[in-house]
Amino acid sequence: MKKPPQDLSNLLHLSGKLPELAEKAELLNNLNRYVKQIIGGPAAEQLNVANLRQGVLVIETASAAWAARLNFQKPKLLRQLQAETLPMLTAIEVKVNPGLAMIKASSQINHAKLSNQSAQHIAALAEHVDGSLGEKLKRLAALASRNRQSKD
């Protein structure tokens with residue numbers, strides 16, 4: 001007879017590698033929020049706490065320019081982290097991970113606007129299309145013209 005499946009939350013609290021990984025992931029997530037709070041500003045958006053190993057906090061950033069900026073702030077950040085949360089911290093290492101730039105770029109929302117000419121083309125097309133598609137095209141053209149009028 002097979003054993004019934006276990007609840008995932010039970011597996012996280014048992015002994016072994018999984019509870020250790022869950023605990024470290026939670027620690028890194030909390031450290032990430034805390035470091036971003038300390039750094040603040042646009043620099044906070046460009047970093048990610050990657051690891052904590054043997055007393056060294058590893059911070060990743062998207063470019064060498066942001067890494068240089070963070071390197072200037074390392075001594076202050078190290079003192080503050082040692083005083084408030086991690087007394088065993090001995091160093092901070094800043095690494096460049098260009099993959100972070102790609103992740104942030106893909107998560108940005110595109111707020112594209114329809115030009116006046118595009119709205120006119122959509123309205124003209126809507127006149128020749130029947131059914132629900134024609135109605136939707138008319139609403140889209142009307143919405144684009146309303147948005148332009150409200151900005152003028």
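These are legends for five views of a predicted model.

**Figure 1. The whole chain, from one end to the other.** Start here to get your bearings: the protein is built from seven helices and three strands. If you walk along the sequence, the order goes α-α-α-β-β-α-β-α-α-α. The protein has 152 residues, and 26% of them count as buried. Now for its contacts: taking those with a separation of 6 or more, 51% link residues that sit 24 or more positions apart.

**Figure 2. The outside of the protein.** This view is about what the surface is made of. The protein exposes about 11,100 Å². Carbon and sulfur atoms supply 56% of that area.

**Figure 3. The largest nonpolar core.** Here's the greasy bit: 21 residues make up the largest nonpolar core. Look for V35, L57, I59, L77, L81, L89 and I92, which have the most contacts inside this core. Which elements give two or more residues to the core? They are helix 2 (17-39), strand 1, strand 2 (56-61), helix 4 (64-84) and strand 3 (91-96). Helix 2 gives the most, with six residues.

**Figure 4. Zooming in on L81 and its neighbours.** L81 is one of the residues with the most contacts inside the largest nonpolar core. What does L81 touch, once you skip residues up to four places away in sequence? The list is Y34, V35, I38, L57, L86, P87, L89 and I92. Some of those names should ring a bell from the previous figure: V35, L57, L89 and I92 are also among the core residues with the most contacts.

**Figure 5. Two side-chain pairings, N51 with K24 and E93 with K95.** Let's take N51 to begin with, which you'll find in strand 1 (residues 47-53). The side chain of N51 makes a polar contact of 2.9 Å with the side chain of K24. Leaving out its neighbours within four places in sequence, N51 is also in contact with L28, V56, L57 and V58. Next comes the salt bridge, and the structure holds just one. The partners are E93 and K95, and their closest N and O atoms are 3.3 Å apart. Are these two buried, exposed or something in between? E93 has a relative accessible area of 29%, so it counts as partly exposed. K95 is partly exposed too, because its relative accessibility is 37%. Both values fall between the cut-offs, which are under 20% for buried and over 50% for exposed.

How values were computed:
Residues are numbered from 1 along each chain as its sequence is written. This is a predicted model: local features need pLDDT of at least 70, side-chain atom pairs count only at pLDDT 80 or more; totals for chains, interfaces and linings use all residues. Side-chain values use heavy atoms; hydrogens and water are left out. A salt bridge is a side-chain nitrogen of Lys or Arg within 4 Å of a carboxyl oxygen of Asp or Glu. Buried means under 20% relative accessible area, exposed over 50%, partly exposed in between (1.4 Å probe, protein chains only). Helices (H or I, at least four residues) and strands (E, at least two) are DSSP runs, numbered from the N terminus. A polar contact is a pair of N or O atoms within 3.5 Å; within protein, one must be able to donate a hydrogen and the other to accept it, and residues adjacent in sequence count only if both atoms are side-chain atoms. Contact means heavy atoms within 4.5 Å. A nonpolar core is a set of buried Ala, Val, Leu, Ile, Met, Phe, Trp, Tyr and Cys residues joined through side-chain atoms within 4.5 Å. Accessible areas come from the Shrake-Rupley method with a 1.4 Å probe; for residues, only the protein chains shown count as cover.
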